[in-house]
Amino acid sequence: MNIHFKTSIWAVMAGFMLTACYKDIDLEKYRPEPTLVLNSILSPDEIVRVQVARTVFFTDHRETDTNIADAEVKMYVNGKYTETLRYDEASRMYLSDYHPVPGELISLEAETPLGHVSGQGIIPEVVPIEGVRLTARTFDDPDQMYWAPGGVTYGKSYEATYYITFTDPSVERNFYFIRIESGDGIAAETIDYSYDEVFLSQQESIDGITTDTGIYGNEGRTFSDNLFNGNRYTLKIVEKAPLYTNDSRPRKIILYSLSEDYYHYLTGIFNTDEESVKGSLTDLGLTEPSPHYSNITGGTGIVGGVQSRSVRVDLKSVLK
């Protein structure tokens, strides 16, 4: 028998079999009704801004503007109606000139052609950073290898430890977010949170296991006062990176105070898809609506409250 001929016959038959396996699927019959999205991050440092939008089906990848411009958005402060917000074409948001006050409950309602959606958030009291202490060590790092005229040269790396002290208010539960960024607002080098029990305990509750490996998150990390409620506390966070000469390495440490809803919302995001978060926590459009948490009635999204305080330091003072 001609072996090459036999092989060709099987190839043709396999082609027919594969062809028979394909079937056109009408994805449109699986299209759900759009879900309303309401986002508003409330801060005394910002006017009230509200995004009203809708979700899109995954096949609508070319559709970029999902904002709803013809909604009626009303705001209530501590249960009392205050105003109907105006729509701003430039930002594609509904705006008020009002700056929320710590302790206030802000309620937002939007009536749209797709239905009614609402949410509310409380403005937390701000918790300042009382002090930051730095220590560091540098070491020869075989992973930092490069070629030089004299041959292979090994560079150095460093570990800088931040001891960040603040006092937690004792009146109620409090929720936080910590971020260490470079002087130009970009996230710092590799940040490891596994040196502090508040992050280890949170990781255990999320993963269901205790691990001694690093907990990394260059964009920041949430935590609560479960382990130090009403007490003075010092966070221990470690930064790891290659050591270069002539680099001053300025750092800005930001401690955000969060409303409980915003804490749960951000915890879900930062423990699944940290890279999706862009900009500061007071910016809208942080990410697609989180599948993990929402406090919106009639839709999805978040109405959260946030305040922050920051301290600037320079790693050059401890890097030798």
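**Two cores in a predicted fold**

Of the protein's 320 residues, 41% count as buried, a term that stands for under 20% relative accessible area with a 1.4 Å probe and protein chains only, whereas exposed stands for over 50% and partly exposed for what lies in between. This is a predicted model, in which local features need pLDDT of at least 70 and side-chain atom pairs count only at pLDDT 80 or more, while totals for chains, interfaces and linings use all residues. Residues are numbered from 1 along each chain as its sequence is written, and side-chain values use heavy atoms, with hydrogens and water left out.

The secondary structure comprises three helices and 16 strands, taken as DSSP runs (helices H or I, at least four residues; strands E, at least two) and numbered from the N terminus. Among contacts (heavy atoms within 4.5 Å) between residues at least 6 apart in sequence, 70% join residues at least 24 apart.

The largest nonpolar core, a set of buried Ala, Val, Leu, Ile, Met, Phe, Trp, Tyr and Cys residues joined through side-chain atoms within 4.5 Å, holds 29 residues, of which Phe166, Ile178, Phe199, Phe223, Leu235 and Ile237 touch the most other members. Two or more residues of this core come from each of strands S10 (151-167), S11 (175-182), S14 (232-243) and S15 (250-258) and from helix H2 (197-207), and S10 gives the most, with five residues. Apart from this core lies another, of 20 residues, including Val48, Val50, Ile106 and Ile296.

Helix H3 (residues 260-270) is mostly covered, with eight of its 11 residues buried; among them are Tyr262, Tyr263, Tyr265 and Phe270.
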